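Ready for a few exercises on a protein you haven't met before? Take a look at the sequence and the structure, then try each task before reading its solution.

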Amino acid sequence: MIRSKQNAALAAFEPDNDAFVAANLEQLRAQRKAALELVQRIPHLSCVVPSGAFYLFPDVSGLLKKSFNGQRVENVDRLAEMLLEQSHIAVVPGSAFGSDRHVRISYAIPTEEIVVGLTRLQHFVQSLVSPRFRNSMSSTSQPGIVLFMGMVRPGEFELDPTGRQIHKQIQTT
């Protein structure tokens, strides 16, 4: 399998594939632009422009120690859990990469899903800042999950029978 991946990587550099690679790069640039524009509208977040990845890594430290429905956002791990439970979006906590101030958001998903997911993130953040907004959030939330995680290990998450909720699998020994 490793050899086939190496061959695929080498094939990307063949002149015959230039148009394919260029089209994918242009699509990722457009998706990055859309994601960055939406993240910049969200209060208490800051984000640098990524130069070589298809992930945003926004600083979410402005959200830590705030509360949602009596639940305190203690750290980025808890924030990721709350985003999944309350807003149905999945991000990777920065703690997986050595940062206690960031979350990772993939923009290598369809632009429509980027818009839906980051709009949900914005609503969640607004509910942390304004309790009045929190009351309106439950009536406007939509089912479905937006996965900003990139790759998910098999068996790590599962959908409930309705297909609307995602549940983290917990390993027990």
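**Exercise 1. Which residues is valine 39 in contact with, leaving aside its neighbours within four places in sequence?**

Before the solution, a word on the model. It is a predicted one, where local features need pLDDT of at least 70 and side-chain atom pairs count only at pLDDT 80 or more, while totals for chains, interfaces and linings use all residues. Residues are numbered from 1 along each chain as its sequence is written, and side-chain values use heavy atoms, with hydrogens and water left out.

Step 1. Find valine 39 in helix 2. Helices here are DSSP runs of H or I with at least four residues, strands are runs of E with at least two, and both are numbered from the N terminus.

Step 2. List its partners, where contact means heavy atoms within 4.5 Å. They are Leu45, Cys47, Leu56, Pro58 and Leu118.

Step 3. Check the burial. Valine 39 has a relative accessible area of 1%, so it counts as buried. The cut-offs are under 20% for buried, over 50% for exposed and partly exposed in between, with a 1.4 Å probe and protein chains only.

Step 4. Look across to glutamine 122. Its C-alpha atom is 8.0 Å from that of valine 39, although the two are 83 residues apart along the chain.

**Exercise 2. Describe the largest nonpolar core and say which elements build it.**

Step 1. Get the term straight: a nonpolar core is a set of buried Ala, Val, Leu, Ile, Met, Phe, Trp, Tyr and Cys residues joined through side-chain atoms within 4.5 Å.

Step 2. Count its members. The largest core has 29 residues, and Leu79, Leu118 and Leu121 have the most contacts inside it.

Step 3. Name the elements. Two or more residues each come from helix 2 (18–40), helix 3 (76–87), strand 6 (103–106) and helix 4 (111–129). Helix 4 gives the most, with 6 residues.

Step 4. Set this against a general tendency: in soluble globular proteins, nonpolar side chains tend to be buried together.

**Exercise 3. Walk along helix 3 from one end to the other.**

Step 1. Start at the N-terminal end, which asparagine 75 caps: one of its side-chain oxygens lies 3.1 Å from the backbone nitrogen of aspartate 77.

Step 2. Work out the span. The expected value is 1.5 Å times one less than the number of residues. Helix 3 has 12 residues and reaches 15 Å from first C-alpha to last, close to the expected 16 Å.

Step 3. Pick out the buried residues: Val76, Arg78, Leu79, Ala80, Met82, Leu83, Leu84 and Ser87.

Step 4. Step off the end. Just after helix 3 comes histidine 88, with a positive phi of about 60 degrees. Histidine 88 sits in the loop between helix 3 and strand 4 (89–90), and counts as buried because its relative accessibility is 10%.

**Exercise 4. Work out how the sheet containing strand 6 is put together.**

Step 1. Write down the order. 3 strands form an open sheet as 1-6-5, with antiparallel pairing. Two strands pair if DSSP finds at least two bridges between them.

Step 2. Spot the edges: strand 1 (55–56) and strand 5 (92–93) each pair on one side only.

Step 3. Match residues across the strands. On one side, 2 bridges join strand 1 to strand 6, and tyrosine 55 stands opposite serine 106. Another 2 bridges join strand 5 to strand 6; here valine 92 stands opposite arginine 104, and proline 93 is opposite valine 103.

Step 4. Check the faces of strand 6. Val103 and Ile105 on one side and Arg104 and Ser106 on the other are all buried, so both faces are covered.

**Exercise 5. Is histidine 102 buried or exposed, and what does it touch?**

Step 1. Locate histidine 102 in the loop between strand 5 and strand 6.

Step 2. Read its relative accessible area, which is 17%, so histidine 102 is buried.

Step 3. List what it touches beyond residues up to four places away in sequence: Phe57, Pro58, Asp59, Val60, Val76, Pro93 and Gly94.

Step 4. Add the polar contact of its side chain with that of serine 99, at 2.6 Å. Such a contact is a pair of N or O atoms within 3.5 Å; within protein, one must be able to donate a hydrogen and the other to accept it, and residues adjacent in sequence count only if both atoms are side-chain atoms.
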